[in-house]
Amino acid sequence: WALVVEEPWASVASPALEISLAAPLVLIPALLITLVALWFGARQVIQPLRRLQQQAEDLADSRYDRVGEPVGGIAEIQQLQTTLTGMARGIRTAHEALQSYIGSITLAQEEERRRLARELHDATIQDLIALDHRIQLIQQQTQSATTEGPNALEGLRPDISRSIQELRRLTGALRPIFLEDLGLVPALEMLVKDA
């Protein structure tokens, strides 16, 4: 014995089953809206942050001109860029001031070396040369008078000659003549050859 009862599908299906059949129609638009929101987020946040990161790397490499280019994005990213641009200006100003300061110090050192070399050459070397000439004159005048005088004076001449050569070496080391005449690179080459 069997009993077959026929009922319509709508009365058998539960309301939850009807909702589950309609779920794809609701979830597909929700998924599309989510994808659009992610794309918008990537466009408004991630890409500007990457450009801002590149600008920070350019700043670290002392390429200041690239830092001011607009990156777009949300207001917080634009504020970060404004801060980065201000930092770049400050760093550039400090770098230029440091370069100027180093240049001034180098120039002052070169001037002092030039002055010392000139003073040593003009005063000390000239005095030693004059002393050497006087000794030669005294030797010539006393050569006939006594034999001991010229020999004692002759011992002074090598000492004076060594002093003259040493002072010339010192003045040359303070301010190499090649540096003024030829420039830095040829002067360094000449100093290497002399060493």
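Let's start with the fold: the protein chain has 6 helices and 0 strands. Keep in mind that this is a predicted model. Read from the N terminus, the elements go α-α-α-α-α-α.

Some totals next. The chain has 195 residues, and 15% of them count as buried. The exposed area of the chain is about 15000 Å². Carbon and sulfur atoms supply 63% of that area. Now take the contacts with a separation of 6 or more. Residues 24 or more positions apart account for 57% of them.

On to helix α3. Please find residues 75-142. This helix has 68 residues. How far does α3 reach from its first C-alpha to its last? The answer is 98 Å. At 1.5 Å a residue, 100 Å is expected, so to speak of the two values as close is fair by the definition of the span. There is a bend, too. At His 121, α3 bends by about 30 degrees.

Which residues of α3 are buried? Among them are Ile 77, Gln 81, Leu 84, Thr 85 and Ala 88. Further along, the buried ones include Ala 117, Ile 125, Leu 128 and Asp 132. Ile 135 and Gln 139 are buried as well.

Let me zoom in on Ile 77. Ile 77 sits in helix α3. Its relative accessible area is 4%. The cut-off for buried is under 20%, so Ile 77 counts as buried. What does Ile 77 contact, leaving aside neighbours within four places in sequence? The partners are Gln 44, Val 45, Pro 48, Leu 49, Leu 52, Val 71 and Gly 72. Look at Val 45 in particular. Ile 77 and Val 45 are 32 residues apart in sequence. In space, their C-alpha atoms are 7.6 Å apart.

Now step back to Ile 74. Ile 74 is in the loop between α2 and α3. Is Ile 74 buried or partly exposed? Its relative accessibility is 34%, so Ile 74 counts as partly exposed. Ile 74 touches Gln 44 and Val 45, if we skip residues up to four places away in sequence. Both of those residues are also contacts of Ile 77. Ile 74 and Gly 41 are 33 residues apart in sequence, and 9.6 Å apart from C-alpha to C-alpha.

Stay in that loop for one more residue. Ser 62 also lies between α2 and α3. Its phi is near 65 degrees. That is a positive value in a residue other than glycine. With 42% relative accessibility, Ser 62 counts as partly exposed.

Next topic: charges. Side chains of opposite charge can pair when their charged atoms come close. How many salt bridges does a search of the whole structure find? It finds 6. I'll show you three.

The first one on my list pairs Arg 114 with Glu 111, at 2.5 Å from N to O. These two residues lie in helix α3, 3 residues apart, about one turn of the helix. Arg 114 is partly exposed, at 23% relative accessible area. Glu 111 is partly exposed too, at 40%. Elsewhere, salt bridges with shared partners join Asp 58, Asp 61, Arg 63 and Arg 66 into one network.

From that network, take Arg 66 and Asp 58. Their side chains meet in a salt bridge at 3.8 Å, N to O. Arg 66 is partly exposed, at 37% relative accessibility. Asp 58 is buried, at 3%.

Then there is Arg 92 with Glu 96, at 3.9 Å from N to O. The cut-off is within 4 Å, so this pair qualifies as a salt bridge. Arg 92 and Glu 96 are 4 residues apart in α3, which means they are separated by about one helical turn. Arg 92 is partly exposed, with a relative accessible area of 37%. Glu 96 is partly exposed, at 48%.

Last stop: the surface. Which residues make the nonpolar surface patch of about 520 Å²? They are Ile 28, Leu 31, Leu 32, Leu 35 and Leu 38. Pick out Leu 31. Leu 31 lies in helix α2, residues 15-60. At 53% relative accessibility, Leu 31 counts as exposed, because the cut-off for exposed is over 50%.

Conventions. Residues numbered from 1 in each chain as written. Predicted model: local features only at pLDDT ≥ 70, side-chain atom pairs only at ≥ 80, totals over all residues. Heavy atoms only, no water. Buried < 20%, exposed > 50% of the residue type's maximum accessible area, 1.4 Å probe, protein only. Patch = residues over 30% accessible without salt bridge, like charges linked within 9 Å, V, L, I, M, F, W, Y side chains within 5 Å. Areas by Shrake-Rupley, 256 points an atom, 1.4 Å probe, with all protein chains shown as cover. Contact = heavy atoms within 4.5 Å. Bend = angle between axes of the 7 residues up to and from the residue.
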